[in-house]
Amino acid sequence: MRFLLRDAEKIICAFIFLGMTLLGFANVVVRYATNLSLAATEELLTNGFLLLTVFGAALAARRGEHLAVTLVHDMMPRVLWKPVLVLSAALSVGLLGMSAWFSWQSLANLYANGMNSYALGIPAWYYQAAVPFGFALIILRYLQHVVEMLNGPARQVLPDV
């Protein structure tokens, strides 16, 4: 169980990527074998990319490999690194929290409208359902990384003030 909690986004990304690969391959085989196309694959692959991006961002946040501009950080005195890290974490969590909230609002809107997808005709909110939880997972993983930076094995990067 601990493995699932520690590496949930890796498992989710692996299953999404495997499914997308198999779906894309099946579409290519059908297209070349029959001169027809599986129209629904475009819809599924597009939404798969969305989920892969969100859960991949959670994976990057956990590892500390998220997109960062370190020019200002590298130029400032080392005594300011901890306060800047805490400020950066607070701002990032705020932005991710708003993203989770707005994606939840989008999900609620899709659910209330009863909108269906264009190719398969299934409720459109199915595709959106994991996105708010993905943003919540990014927040959790980012906070885990920040705590490790402040207290854990990466502490040698940050000086004691």
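Me: What percentage of the 161 residues of the chain count as buried?
Reply: This is a predicted model. A residue is buried here if its relative accessible area is under 20%. Of the 161 residues of the chain, the share that meets this is 30%.

Me: How many helices and how many strands does the chain have?
Reply: Reading along the sequence gives the pattern α-α-α-α-α-α-α. The count is seven helices and zero strands.

Me: What is the radius of gyration of the chain, against that of a compact globule of 161 residues?
Reply: The C-alpha atoms fill a box of roughly 65 × 35 × 35 Å along the principal axes. A compact globule of 161 residues would have a radius of gyration near 15 Å. The chain has 20 Å.

Me: What share of the contacts with a separation of 6 or more comes from residues 24 or more positions apart?
Reply: Contact here means heavy atoms within 4.5 Å. Take the contacts in the chain with a separation of 6 or more. Residues 24 or more positions apart account for 73%.

Me: What part of the accessible surface of the chain belongs to carbon and sulfur atoms?
Reply: The accessible surface of the chain comes to about 10,500 Å². The part that belongs to carbon and sulfur atoms is 72%.

Me: How far apart are the centres of the positive and negative side chains?
Reply: The chain has 10 positive side chains and 8 negative ones. Each set has its own centre, and the two centres lie apart by 8 Å.

Me: How far apart are the end C-alpha atoms of helix 3?
Reply: Helix 3 covers residues 40-63, which is 24 residues. At 1.5 Å a residue, helix 3 should therefore span 34 Å. The model agrees, with its end C-alpha atoms apart by 34 Å.

Me: Which residue takes a positive phi just after helix 3?
Reply: The phi is about 75°. The residue that takes it, just after helix 3, is Gly-64.

Me: Is Ala-60 buried or exposed?
Reply: Ala-60 lies in helix 3. Leaving aside neighbours within four places in sequence, Ala-60 is in contact with Glu-65 and His-66. Its relative accessibility is 19%, and the cut-off is under 20%, so Ala-60 counts as buried.

Me: What distance separates the C-alpha atoms of Ala-60 and Glu-9?
Reply: Along the chain, Ala-60 and Glu-9 are 51 residues apart. In space, their C-alpha atoms are separated by 9.7 Å.

Me: Which residues does His-145 touch, not counting residues up to four places away in sequence?
Reply: His-145 sits in helix 7, residues 131-151. His-145 counts as buried because its relative accessibility is 13%, under the 20% limit. The residues it touches are Ala-61, Arg-62, Arg-63, Gly-64 and His-66.

Me: Is Asn-35 buried or exposed?
Reply: Asn-35 is found in the loop between helix 2 (8-34) and helix 3. Phi of Asn-35 is near 65°, a positive value in a residue other than glycine. Most residues other than glycine have a negative phi. With a relative accessible area of 72%, over the 50% cut-off, Asn-35 is exposed.

Me: Which helices do the buried residues of helix 5 pack against?
Reply: Helix 5 (residues 81-113) reaches 47 Å from its first C-alpha to its last, close to the expected 48 Å. Its buried residues include Trp-81, Leu-96 and Leu-110. The buried residues of helix 5 pack against helix 4 (71-75), helix 6 (125-128) and helix 7.

Technical notes
Residues numbered from 1 in each chain as written. Predicted model: local features only at pLDDT ≥ 70, side-chain atom pairs only at ≥ 80, totals over all residues. Heavy atoms only, no water. Helix = DSSP H or I, 4+ residues; strand = E, 2+ residues; numbered from the N terminus. Expected span 1.5 Å × (residues − 1). Rg over C-alpha atoms; globule rule 2.2 N^0.38 Å. Buried < 20%, exposed > 50% of the residue type's maximum accessible area, 1.4 Å probe, protein only. Areas by Shrake-Rupley, 256 points an atom, 1.4 Å probe, with all protein chains shown as cover. Lys, Arg positive; Asp, Glu negative; His and termini not counted. Charge placed at Lys NZ, Arg CZ, Asp CG, Glu CD.
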